[in-house]
Structures are given as structure tokens and as C-alpha cells.
Amino acid sequence: MAYSEKVLDHYENPRNVGSFDKGDESVGTGMVGAPACGDVMKLQIKVGADGRIEDARFKTYGCGSAIASSSLVTEWVKGKTLDEAATIRNTQIAQELSLPPVKIHCSILAEDAIKAAVEDYKKKHPA
Amino acid sequence: MKLPIYLDYSATTPVDPRVAAKMIPYLTEHFGNPASRSHAFGWTAEEAVEEARAHVAALIGADPKEIVWTSGATEGNNLAIKGAAHFYKSKGKHLITQKTEHKAVLDTFRELERQGFEATYLEVEPDGIIDIEKFKSAIRPDTILASIMMVNNEIGVIQPVWEIGEICRAKGIVFHCDAVQGAGRVEIDMAKLKADLVTITAHKIYGPKGIGALYVRRKPRVRIEAQIHGGGHERGFRSGTLPTHQIVGFGEAARLAKLEMAKDNAHVRALRDKLLHSIQELEEVYVNGSLEKRIPHNLNVSFNFVEGESLIMAVKDIAVSSGSACTSASLEPSYVLRALGRSDELAHSSIRFTLGRFSTEEEIHFAADLIKRKVAKLRELSPLWEMHQEGIDLNTVQWAAH
């Protein structure tokens, strides 16, 4: 399978790999997917006092496109408010990485991971 | 050292330069049709074909008259299985094979089922080898044919075909053995292996692609129906003009294989063991199939907590075969590894290394180092590995299936 240059770049040099402390009040954690399906993504956001995402981390078990999709969204969510981050759509991810149709599910998973991380943070901070 | 490094000798082998040199004159100079009886061109070609037949027969301890040229292993397996089933169909309609056979056997069995035969597909044990007792209990009064491979192409395990041969001989069941991965690697002597039909092919033993042979036993004589009809070549078993240069190549490859088998085996065993020991520095590495009852050329391992497709992407500097085919949206795990009882995840993250005559220590060192670095890197990226490190049992986790 031929991968786009952007997928290869994120795969070779993944951005923001790692983990924050799940228990930290300023951290929201989203884990989506299942090993049997071949993809598991863990996305974490660290939210600043101003309500903006100041940092993000990811770990992904999955193909090159899944790794690239999650690496890309860690870059995209930085500096965004929670509501702004939740507006990121899988189509934008797929377009940016030129994902072929069979790899669209990777971008959907990345979108789901953001939403799950935002939700987890909101649960810790009921309005 | 040239990249990528070839470690896929069970898929095919390069033609040995000594074999290629022997073939060339039969393309340009001695181009005659071996079936031409009326002139020297034909006689020269025929002589070369018969010399090659003797070399191929010698490799497996057979009589040259028992060797029938085919286009390769797929045709050999088709001719043996369909040929025997069709010939003996009045005796019975039950056939036995096992689940980890090559597709050329399994699909031929499926076709015979469509034609009205009944087939039993034996399970293998977790080490990849069939249980003799289970084989015995699968035999029915109307069993006419059994087909069990000598060496599995994916995991390299050696099946107890010698015992199975004895059982079949005693019961009057025709026994076909696909020995494609065994020839040149395992000592084969048809006086000791009680098989009636044996498939071998040139391109797994440093010969050219497109030429194989079917051993058809004469004592006691086994009968098969031809599948390709025409000029009655190969004593009617397989019509079609003989490709002299291919046959000459097969003959020379077989001669060298017999001559150098001990040396080749010692060479690849030393390298394979080095590769295994080096890779085993990683945690959570699983060897697929028995390591003891296995040809020394094969190493098939699964790397836990690493996803298969990303692993293949990571090791593109080595030409290896993977347990999963990532041609479609969903990975298709290897049916052989599934038959061993491996989980989908472990089946997906497997790599088959197959070594050969031209593998070098430098290449193995490079491959082992690459694998170790890439698996470690992918595990750093893997949330599953992180959970494993934290002592979480992944089987207890509620996953959000998608």
C-alpha cells in the first residue's frame, strides 16, 4: 500500500508521543478502539487556566495511517478551546493526510479520540 | 550490503549462478524439442532432460522413471490429488488433509468436494503438527486419499509424514505429500518415505520458476488420471512440450542441493539461531510452531502489542513475509497461525524470516538490530504496551468496539 508523504512523515517522526498523569485535574484522557479491530488510540489533552488546550500527548496501536492521524490531531488541538477542538472533523484529517478510502476509519477514530478526551476533562470539571 | 535484505527464501530462492550458467546453452544453442526423435537437436535435448531427471530422482532417492515434469508445485498438487481421486473414485469418496496445507492443496480439495467427494480437514496441535492418533481416527472405510505436507511453508514445522505413510500403506490409502518446502532441506529417501505421490518444485531449491516434478510411485504402482491432455508426453501423465532449459536448471539445482544440503543446513541453522537469540532480547516475543521439529531455514515470530501493518511498514529494509495480508481495509490474519490457536492480534503481528544459501551474518545482524529497534519504537507508541507495563490484563478491559 502506498502511503502519502505526510503519513510517512508523521509515522517516521510522530509528534507528541507520550502520556500525562491520568489523575491530573488539568488532563483529559480519551481511549478509543479495540485491539481485535487493529486500532487503539489514547489521546490526552492538558488544559490551561485560560481554558485552552496547552499541550497534548498520544499513544496509538495501529497502522501507519492511525499513527499519523493521532499524531496530527495532537498538533491541531494545541491552543484551541475545548469547544473548538471538538469541532475537528475526520474529513479534515483525512484530507490533510490524503488518506485512501480504506483508511478513513483511522481519521474517524482520531476524531472520536478528541471528543472522548474533551468529555473526560469536562466530567472532571462539571460546569 | 545491499538493501532490502532478502529473507524470504520460502517464497522463492534466487537461481544459483551455477544453475543459470548450465541453463543458458539450452535456450540458444541446444534448443531442440526433446520429443523430436528424428534429428540431433531433439536427441541432445532429450539427453539433457534425462540427465536432469536422474538428478531430481537422486535428490529424493527415487527411480528416474518415477519423476513426471510439471509446471510447478500448484500443478503437481492438482495432478496428484485430482488425478488419484478421479482414478480411485469407484473405491470410495473420502479424502483427508489438514488445515495448514498450502492453498494449492486446500483449494484442490474444495474443488473435489464440489465434484461430490467428502473431505476431512484435520486440526493441528498448538505446535503446528498433526496428531497421528487424530489422523488414524479420521480414516473411514471409504477413504481413498490423504494429503499431508512435509514442511509447512509459513512456520517451517516438519509433519510426521513417515508415520503417516506407513499408516496409509497398511490401509491401502493413496498418500500424497507436498514436499515443496522439504526438498533440499530435509533428507528424503523414497525407500523410507511411504508416499505414493510427492510434489517438489525447482524455485525453492535455487532453480528456476515454472518447473516442478511429481513423484509417482511404481512399486507398488499408484495410478492417476492425467489432468492435461495432448501429445502424451511424460508417459501420458502430463502432456506438453518439455521446457528443456527449465528442466536442466531443476536438475542442476537438485544435484547441488543433494551435494550441499548438510552445508546449507548448518549455515542457515547457525544464522537462524543467532537471529532468534538476538530477537529474544525483546519481551513478549512468541515463536509460532515447534522450534524443534522445524527446518533450520524458518523463523516465524509474533511481537505482542505491536500492530501488524505498522510493523511491516517499519521493516521495509528487510524482505520478509507477514502473517497478515494488508491489501484491504481489514487485515486478514494468516489461517495457518489461526489454526495454531493464535489470537488475531498475535497472528497479525507475526513475521516469517526464511533464510537461505546466500544469507550472510552481516545481513542477519542488520535484520535483528532493525527488528529490535522498530519493535521497541512501536511499543513506545503503543497504549497496549503501556497498559501491559502497568500490569493491566488487556483481556479484562472493556473496549469500545468500532
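**Exercise 1. In this predicted model, find which residue of S6(B) stands opposite Leu145(B), then work outwards through S5(B).**

Step 1. Start with the pair itself: across from Leu145(B) you'll find Val174(B), which belongs to S6(B).

Step 2. Now zoom out to the strands. S6(B) covers residues 174-178, and its pairing with S5(B) is parallel, over three bridges.

Step 3. Next, look at strand S3 (residues 94-98) of chain B. This strand also runs parallel to S5(B), joined to it by three bridges. Here the bridge partner of Leu145(B) is Leu95(B).

Step 4. How many of the five residues of S5(B) are buried? Five of the five, so this strand (residues 143-147) is largely enclosed by the rest of the structure.

**Exercise 2. Place Leu145(B) in its nonpolar core and look at the surroundings of Tyr215(B).**

Step 1. Leu145(B) is part of the largest nonpolar core, which has 81 residues. Leu145(B) is also among the residues with the most contacts inside that core, along with Ile60(B), Ala84(B), Cys177(B), Leu197(B), Tyr215(B) and Ala253(B).

Step 2. Which helix supplies the largest share of this core? That's H8 of chain B (residues 244-279), with seven residues.

Step 3. Pick Tyr215(B) and skip anything within four places in sequence. The contacts left are Ile60(B), Ala62(B), Glu66(B), Ile67(B), Met190(B), Leu197(B) and Val198(B).

Step 4. There's another core apart from this one, of 65 residues; Leu109(A), Leu7(B), Ile279(B) and Leu311(B) are among them.

**Exercise 3. Work out the strand order of the open four-stranded sheet in chain B and see what packs on it.**

Step 1. Reading across the sheet, the order is S9-S10-S15-S12, with antiparallel pairing.

Step 2. Why is one side of S9(B) and of S12(B) left without a neighbour in the sheet? Because S9 (285-287) and S12 (321-322) stand at the edges, each with a single partner strand.

Step 3. For S12(B), check the link to S15(B) (residues 350-354): two bridges, antiparallel. Ser321(B) stands opposite Arg352(B) of S15(B).

Step 4. Add the helix. H8(B) packs on this sheet and touches S9, S10 (298-303) and S15 of chain B, with its direction at about 10° to that of S10(B).

**Exercise 4. Is Ser10(B) buried or exposed, and what lies around it?**

Step 1. Locate Ser10(B): the loop between strand S1 (5-6) and helix H1 (17-23) of chain B.

Step 2. Count C-beta atoms. The cut-off for buried is 20 or more others within 10 Å; Ser10(B) has 26, so this serine is buried.

Step 3. List contacts, again leaving out neighbours within four places: Asn153(B), Gln181(B), His297(B), Asn298(B) and Thr354(B).

Step 4. Compare sequence with space. Ser321(B) is 311 residues away from Ser10(B) along the chain, yet their C-alpha atoms are 9.2 Å apart.

**Exercise 5. Describe how chain A meets chain B and what covers the buried residues of H1(A).**

Step 1. Contact involves 24 residues of chain A and 23 of chain B.

Step 2. On the chain A side, S1 (27-34), S2 (39-47), S3 (53-61) and H2 (64-77) each supply at least two residues. S1(A) gives the most, four.

Step 3. Sorted by class, that side has 16 nonpolar, six polar and two charged residues.

Step 4. Turn to H1(A), residues 5-12, where Val7(A), His10(A) and Tyr11(A) are buried. They fall within an arc of 100° seen down the axis, so they line one face of the helix.

Step 5. The cover over these buried residues includes H2(A), H4 (90-97) of chain A and H9 (308-314) of chain B.

Conventions. Residues numbered from 1 in each chain as written. Chains lettered and ligands numbered in written order. Predicted model: local features only at pLDDT ≥ 70, side-chain atom pairs only at ≥ 80, totals over all residues. Contact = placed C-beta atoms within 7 Å. Nonpolar A, V, L, I, M, F, W, Y, C, P; charged D, E, K, R; others polar. Core = buried A, V, L, I, M, F, W, Y, C linked by C-beta atoms within 7 Å. Buried ≥ 20, exposed ≤ 12 C-beta atoms within 10 Å, placed from the backbone. Pairing = 2+ DSSP bridges. Axes fitted to C-alpha atoms, helices over the stretch in contact; angles between N-to-C directions. Arc of directions from axis to C-beta.
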